[in-house]
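This briefing covers a pocket, a helix pair and a loop residue. Please keep the structure open while reading.

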Amino acid sequence: MSDARGGRPKWVGVVVVVFRLTMAVVITLYAWRTYEEIAIARARDSGALVQADATVEKRSEERMWSLGGAGQDRTSDVHVWYDVTVELRVNGELQTVKGAAGKDVGEHARVGLWHGKVIEVEGYYVWPGWHSGLGGNTLLALYPLCMGYLNVLAVTAGVWRARRNGTSVADPINFAFDMVLGFIAGVLAILVLIVIPGLLGSDQPRYWPLIPVATSITATLLLMRQTLRSGSIEITPAPADDTTAESKPARR
């Protein structure tokens, strides 16, 4: 069976609806996680984390190793360290954290909480940040798709606004080249956020998802505006909805 609106199969419409709902959920999760990371950072800076007593219920160690140097400068020196994971009982609930190396089973530890989540243990930051919570690494993997989708929505909104202002603009797909360039600008912003903090020895800003998206959308809209000004896309005044244009038979 086909969709009456476009002659396309109904399953295509179902897929489109499911995709849009999925992207709405992903964008909502990104908004929540961004708020969460910003709120945690502010709570740490202001000393607003809730202090509580915790008991170490379980402790495990994983031996890690790597060779010295990097790339072609690898050496035969072996560097060994231990990845420590502890299970804490906090306010009657069990939480697993990494990095509390100085605590053994049965010992007590002072923890800093944000809405019940362990952020610090004895003053040491143990919250895994963007690699935890709703979505975790899966959410990070979906970020390019999310950025591209928001890019398309921005162009669609721009076309809709132009039509509302009385201008008949080509379909959003005609700005595909601009959208691709804007997406590339967003990817470059991601690379900058990865490289620069590493060189400076600092963490990424907690609101980092906003930077590539803003860069991508801004670049796309500027390119779209330039495309319209240069005449690469033909724009014509929207036809007026005049129902009186048709001639009516004269009365006798």
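The lining of the largest pocket divides into eleven nonpolar, three polar and two charged residues. The model is a predicted one. The points below start with that pocket, then turn to the packing of α1 and α3 and to arginine 206 in its loop.

**Largest pocket**

- The volume of the largest pocket is about 330 Å³.
- Its lining is made by 16 residues.
- Nearest the centre of the largest pocket lie Trp130, His131, Leu140, Gln204 and Trp208.
- Two elements, α3 (143-164) and α4, give two or more residues to this lining.
- The most comes from α4, which gives three residues to the lining of the largest pocket.

**Packing of α1 and α3**

- Helix α1 spans residues 10-46 and packs with α3 at an angle of about 110 degrees.
- The axes of α1 and α3 are 10 Å apart.
- Angles of 65 to 115 degrees count as roughly perpendicular, so α1 and α3 are roughly perpendicular to each other.
- On the α1 side, the contact is made by Phe19, Arg20, Met23, Val26, Ile27 and Tyr30.
- On the α3 side, the contact is made by Tyr143, Leu145, Cys146, Tyr149 and Leu150.
- By class, the contact of α1 with α3 has ten nonpolar residues, no polar ones and one charged residue.

**Arginine 206**

- Arginine 206 sits in the loop that runs between α4 (176-200) and α5 (210-230).
- Leaving aside residues up to four places away in sequence, arginine 206 touches Thr34, Glu37, Ile38, Ala41, Tyr125 and Trp130.
- The side chains of arginine 206 and tyrosine 125 are joined by a polar contact of 3.4 Å.
- In sequence, arginine 206 and alanine 39 are 167 residues apart.
- In space, arginine 206 and alanine 39 are 9.1 Å apart, C-alpha to C-alpha.

**Shared residue**

- Trp130 appears under two topics: arginine 206 touches Trp130, and Trp130 is among the residues nearest the centre of the largest pocket.

Technical notes. Residues numbered from 1 in each chain as written. Predicted model: local features only at pLDDT ≥ 70, side-chain atom pairs only at ≥ 80, totals over all residues. Heavy atoms only, no water. Helix = DSSP H or I, 4+ residues; strand = E, 2+ residues; numbered from the N terminus. Contact = heavy atoms within 4.5 Å. Polar contact = N/O pair within 3.5 Å; in protein donor to acceptor, adjacent residues only side chain to side chain. 1 Å grid on protein atoms, 1.4 Å probe; cavity = no way out; pocket = protein on both sides within 12 Å on 5 of 7 lines; lining within 4 Å. Points joined across faces, edges and corners; volume = space filled by probe spheres on them. Nonpolar A, V, L, I, M, F, W, Y, C, P; charged D, E, K, R; others polar. Axes fitted to C-alpha atoms, helices over the stretch in contact; angles between N-to-C directions. Parallel < 35°, antiparallel > 145°, perpendicular 65-115°, else oblique.
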